[in-house]
Amino acid sequence: MSKGEVTVIGSGASSVHFARTALENGWSVVMLDVGRRKPAAVLPDADLNGLKTGLEDPARYFLGEDYGSLILPSDQDEYYGFPPNKAYIFDGIDDPPPRATGFKPLISFAEGGLAEAWTGGSYPFHDGELEGWPICFDDLSPAYDRVAQRIGITGEDDDLGKFYPRHAGLMPPLELDAHARLLLDRYSRKRELLNKRFGCYLGHARLAVLSRAHAGRPACDYLGRCLWGCPRGSLWVPSIGLEELRAQPGFTYVPGVTVRHFEVDDGGRVHRIVAVETSSGQERSFPVERLALGAGALMSAHILLASWLRAGKATPVLDGLMDNRQVLMPFVNLGMVASQFEAKSYQYHQLAFGLEGDTPFDYVHGLVTTLKTALIHPLVQSLPFDLLTSLRTFRDLHAALGLLNVNFPDTRRPNNTLSMEKLDDGGPPRLVVRYQPEPQEPKRIERVVRNFRRILRALGCLAPKKMTHLRPMGASVHYAGAVPMVETGGERTSTPTGRARAFENLWLIDGLTFPSLPAKNLTFTLMANATRIADLEFD
Ligand SMILES: Cc1cc2nc3c(=O)[nH]c(=O)nc-3n(C[C@H](O)[C@H](O)[C@H](O)COP(=O)(O)OP(=O)(O)OC[C@H]3O[C@@H](n4cnc5c(N)ncnc54)[C@H](O)[C@@H]3O)c2cc1C
Ligand code: SF4
């Protein structure tokens, strides 16, 4: 018999692990979701070149009906583009999108959420990074183990082990391509210099990709189609977790509903969710015993603020929004010029850099993608030549190109806010996002980028200054903060187990409760934290 029912909003990485743990502990789960569906995989056994020759209209598949996946030179030097078959992940809803200043929000209403497009980087936080949190690594450790055993994470206890605390469920790393092997080989010869002079370490990335069959999913077969969505399910995405949930008794999935707000009874308990059907706009309501909000940090804040506004709270504001600043540094590995590029390899980052900071929290996280089959035109068009010369140069350079994605930590600051604005048309209110970087940020970035340029040079690579690109805040899509978990605090905080202090039967299960944001990608910790909350509060 069920211990009770918990309603979960969203089917992203946070929600599927919360739901799975609550189900394992004997609770029933109802999951409400906008839940846009992904298109079926085409030619699932073909590798990338097989797709090019096997598809009737490959240009349409790779670039879209109206060539919408082309990144044109005016687009502020972004090197990443999303392929057409992933457009559904970022399709909006009818409600007004956020109005943002100093921040470029990216929101997903897909089944599985943003991580349907993720690159699988899965890194545990250590105690130095959890400083200021009311929990430590030992509190998260069993949940890291459990999540890693569920989804499968590959990696190695190499030089980066000093930054990545140990957890169970680590599989051997994926095979490196020739470019990544060369970088690692050069690093092993320059290790002492790089460690001592720059506090710099290089090793295997940690990835939610299977290097051997696990939980009914096959190992990565190096098809090189990661950017278009792994057709084998070797790269874990939340829709895989959702499929598993749907096979469980006690789980009910309700897609096609946009949650607008919740209503509270006289005792301060959430008792009803108000939503609209995404297709018809028809209002629907759902009774609630316990509510777990996992709509992604921005949409969870939206639902919370809209509910406060409905309850007559004057202009509610949440502060402390965070995201990781990212800098992209394209580079050329001179040792790989004129080599043949390898299409059959894992496409995203195979290697990672760790750069020590003044304190453990100031650690900088670098992800190295050696360029293979990804959309290449953003790089070609940014070469300082005419098109023909650029294409010729690119052919020679293809296997030698790489991209270093440098990630910086962030902290909660009062200027970075989420609030609501009522619109004149009387429709649903709009989320307002404001972000200002720290005044010291440019100096810190300049120092780190200079060091990385020297580090790359020591590894035989050139990183042209002109091509280094500061991404706008919001672009890393690592949103967190705004209702931090603290030991004691007011109604805009949560308890260390994610319970909102403002409402007794509401749990915040995504990044909204993170008290700070280390440089490492946060999703492994989102999943572990949601698992921890379910385990402690729904036992
Ligand atoms: C291109 C890309 C690459 C990335 N790579 C990495 C990486 O390598 N490593 C890493 O750690 N992170 C990465 N990320 C970030 C990662 O995807 C996010 O941290 C993660 O997906 C957040 O999960 P979430 O469950 O908290 O929220 P989301 O993924 O935002 O999920 C929100 C869910 O809520 C639902 N929802 C939202 N609003 C409503 C509403 N009003 N009513 C009903 N349902 C609603 C949505 O349908 C969705 O199912 C990447 C992101 C992108 C875009
Ligand atoms: S290379 Fe990418 S697309 Fe191919 S099997 Fe591995 S994870 Fe999937």
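So, β14 and strand β15 (residues 364-370) run antiparallel and are joined by five bridges. Strands here, like helices, are DSSP runs numbered from the N terminus, with at least two residues (E) for a strand and at least four (H or I) for a helix. Two strands pair if DSSP finds at least two bridges between them. One partner pair to look for is L351 in β14 with V368 in β15.

Before I go on: this is a predicted model, where local features need pLDDT of at least 70, side-chain atom pairs count only at pLDDT 80 or more, and totals for chains, interfaces and linings use all residues. Residues are numbered from 1 along each chain as its sequence is written, and chains are lettered from A and ligands numbered from 1 in the order in which they are written.

Okay, back to β14. Strand β6 (residues 200-204) also runs antiparallel to β14, with five bridges, and H204 has L351 as its bridge partner.

Is β14 (residues 351-355) mostly covered or mostly open? Mostly covered: five of its five residues are buried, meaning 20 or more other C-beta atoms, placed from the backbone, lie within 10 Å of a residue's own (12 or fewer is exposed, in between is partly exposed). L351, F353 and L355 point one way, A352 and G354 the other. In a regular strand the side chains alternate between the two faces of the sheet.

Now another sheet. This open one has three strands in the order β8-β9-β10, paired antiparallel. β8 (257-264) and β10 (283-287) are at the edges with a single partner strand each, so one side of each has no neighbour in the sheet. Between β9 (residues 270-277) and β10 there are five bridges; V276 partners E283.
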